[in-house]
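Biologist: I would like a close look at a single part of this protein, the parallel sheet and the core around it, with enough of the surroundings to place it. Could you take me through it step by step?

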Amino acid sequence: MSTTVPQEHEYDLVVRGERVLVASGEQPREVGVSGGVVRAIEPLGAGLDGARVVELAPHQVLIPGLVDTHVHVNEPGRTEWEGFASATRAAAAGGVTTIVDMPLNSIPPTVDVEALETKQKVARDQAFVDVGFWGGAVPGNGDELRPLWDAGVFGFKCFLLHSGVEEFGYLEPDELEADLRVLADFDGLMLVHAEDSRAIEHAPTPHGDHYDTFLASRPRGAENVAIAAVIEAARWTGARAHVLHLSSSDALAMIRSAKREGVRLTVETCPHYLALAAEEIPDGATQFKCCPPIREIDNRELLWEGLLDGTIDCIVSDHSPSTPDLKDLDTGDFGTAWGGVSSLQLGLAIVWTEARTRGVPFARVVEWMSARPAAIAGLERKGSIALGHDADLAVVEPDTAFVVDPKALHHKNPITPYADRALSGAVVATYLRGEEITYDRPTGRLLSRGEA
Ligand SMILES: [Zn+2]
């Protein structure tokens, strides 16, 4: 990559490369950016001139900035777990230019407009990438959903079992149905953590340092039952529902049939379900603990099939860090450790490293992590290199390998199950609205539904 600064400037920025990922795939293109927006996409050689010109090397690919719609920033309230500055730096370093923050683990949780405004105020001056917010649907806040929607949240998250934090309650089946009816009125989106409360209560209690006991405590059946309930509630109400972090491949068949029947359902999975496997998790390695859990190798391969056939729509991180003490690494007790995996900065490399061994093209990986989540959240100007879209871009070297050093990541706490793993796919530069992101000056904006 080299940069020259000519005198004339038809565009603020021009990026030229043999491999530019546009709607038709990787093409030799020149991209012209003015006012932070993509204004021209021409064949390489067209000679667009810009105040700044970036020439990509043949091994570099220009991709749309990734969109990660599942990030727990935790600020305010649990800022020692993660915060807007650290999370958005990590995002930028990973080629992610938009995150949408989850309504829980921060205090207050985003369950009314006042809490949303509190979060926005905290995030405003320390965002290195663009930040949107999900609202929360909890028992008793049905009257807050419409005001939150009007205030700009992109949709709502709910749980069907204990969320892990006391201040964010879970919905009973009747409450889920009632909230979906509220959302159907304004075509709002409900995101569901789909594990069934009763099924988990009947499962064995997790304890000790063997991963198997934790896996048995979060059986596939608990996910399957909950996803079936979400599908039927979406069918009855006509509302849009989104299954968060799909782990159980058993559910793919019913998701397939629900989609075929016109139920308004979308589904995400996460890098850890696609790259890791229960059989390979060492005793006491609680950095691998998350809910729903990482399952067996055969399950992982079926999730890949679900992605390839379109049953699963997108891949997002579910970045959910905590401080090291809460991971109970000294005892390695899977029963008491905080559940959550940190991976925000590494998502693209994790998924691409797995994809390439299965013959899946780089362009598909990028689509699952940019255009797809952007479409689900309704982020109309994000997720693609296209005329009129925000010039959110990343330069990636798919064949460049690196070894994960947790201490070198921007995540606030250096705990990740990917420590010491060799990954392919280095992000060498990230641009937000046509400006390269530097790590000293936050230029991210807060996004509201309908305006992004
Ligand atoms: Zn989550």
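Modeller: What follows starts with the whole chain, moves into the sheet and its core, and ends with some loops.

The model is a predicted one, and it contains 13 helices and 18 strands. Its C-alpha trace spans about 70 × 45 × 40 Å along the principal axes. The radius of gyration is 21 Å, which agrees with the value near 22 Å that a compact globule of 452 residues would have. Of those 452 residues, 56% count as buried, and among contacts between residues at least 6 apart in sequence, 74% join residues at least 24 apart. The domain assignment gives domain 1 (2-58) and domain 2 (65-383 + 402-424), and the C-alpha centres of the two lie 35 Å apart. An unreviewed UniProt entry lists residues 61-435 as "domain: Amidohydrolase-related"; this span is 33% helix and 17% strand, and its end C-alpha atoms lie 17 Å apart.

The sheet you ask about is open and has 6 strands, which pair in parallel in the order β10-β11-β12-β13-β14-β15. Its edges are β10 (135-136) and β15 (314-315), each of which pairs on one side only. Towards the β15 edge, strand β14 (residues 265-269) is joined to β15 by 2 bridges, the two strands running parallel, and here Glu268 stands opposite Cys314 in β15. Elsewhere in the sheet, β11 (residues 156-159) runs parallel to β12 and is joined to that strand by 4 bridges, with Cys158 standing opposite Val192 in β12.

Strand β12 (residues 189-193) deserves a slower look. How many of its residues are buried? The count is 5 of the 5, so the strand is largely enclosed by the rest of the structure. Leu189, Leu191 and His193 point one way from β12, whereas Met190 and Val192 point the other way, and all of them are buried. If neighbours within four places in sequence are left aside, Val192 is in contact with Cys158, Leu160, Val230, Ala241, His242, Val243 and Leu244. Among these partners, Cys158 is also the residue that stands opposite Val192 across the β11 and β12 pairing.

Met190 and Val192 appear again in the largest nonpolar core, which has 140 residues; together with Leu62 and Val230 they are the residues with the most contacts inside it. Helix α7 (residues 220-237) gives the most to this core, with 8 residues. Domain 1 (2-58) and domain 2 (65-383 + 402-424) both give residues to the core, so it lies between them. As a general background, nonpolar side chains in soluble globular proteins tend to be buried together.

The loop that follows strand β13 leads out of the sheet, and Ser247 has its place there, between β13 (240-243) and α8 (252-260). Is Ser247 buried or exposed? Ser247 counts as buried because there are 25 C-beta neighbours inside 10 Å, where 20 or more are needed. Beyond its neighbours within four places in sequence, Ser247 is in contact with Glu223, Tyr273, Pro292, Pro293 and Arg295. One of these partners, Pro292, lies in the loop between α9 (271-275) and α10 (297-308), and the peptide bond that leads to Pro292 from Cys291 is cis, with omega near -5°.

A second cis peptide bond, with omega near 0°, joins Glu75 to Pro76, and Pro76 lies in the loop between β7 (66-71) and α1 (84-93).

After the edge strand β15 comes the loop that runs to α11 (347-357), and Asp328 has its place in that loop. Asp328 is a residue other than glycine with a positive phi, near 50°, and with 18 C-beta neighbours inside 10 Å this residue counts as partly exposed. Arg433, in the loop between β17 (422-432) and β18 (435-436), likewise has a positive phi, of about 45°, although it is not a glycine. Arg433 is buried, with 22 other C-beta atoms within 10 Å.

Helix α12 (residues 362-369) is also mostly covered, since 6 of its 8 residues are buried, namely Phe362, Val365, Val366, Glu367, Trp368 and Met369.

Notes. Residues numbered from 1 in each chain as written. Predicted model: local features only at pLDDT ≥ 70, side-chain atom pairs only at ≥ 80, totals over all residues. Pairing = 2+ DSSP bridges. UniProt positions renumbered as here; feature names shortened; annotations may be inferred. Core = buried A, V, L, I, M, F, W, Y, C linked by C-beta atoms within 7 Å. Buried ≥ 20, exposed ≤ 12 C-beta atoms within 10 Å, placed from the backbone. Domains from an automatic or database assignment. Contact = placed C-beta atoms within 7 Å. Rg over C-alpha atoms; globule rule 2.2 N^0.38 Å.
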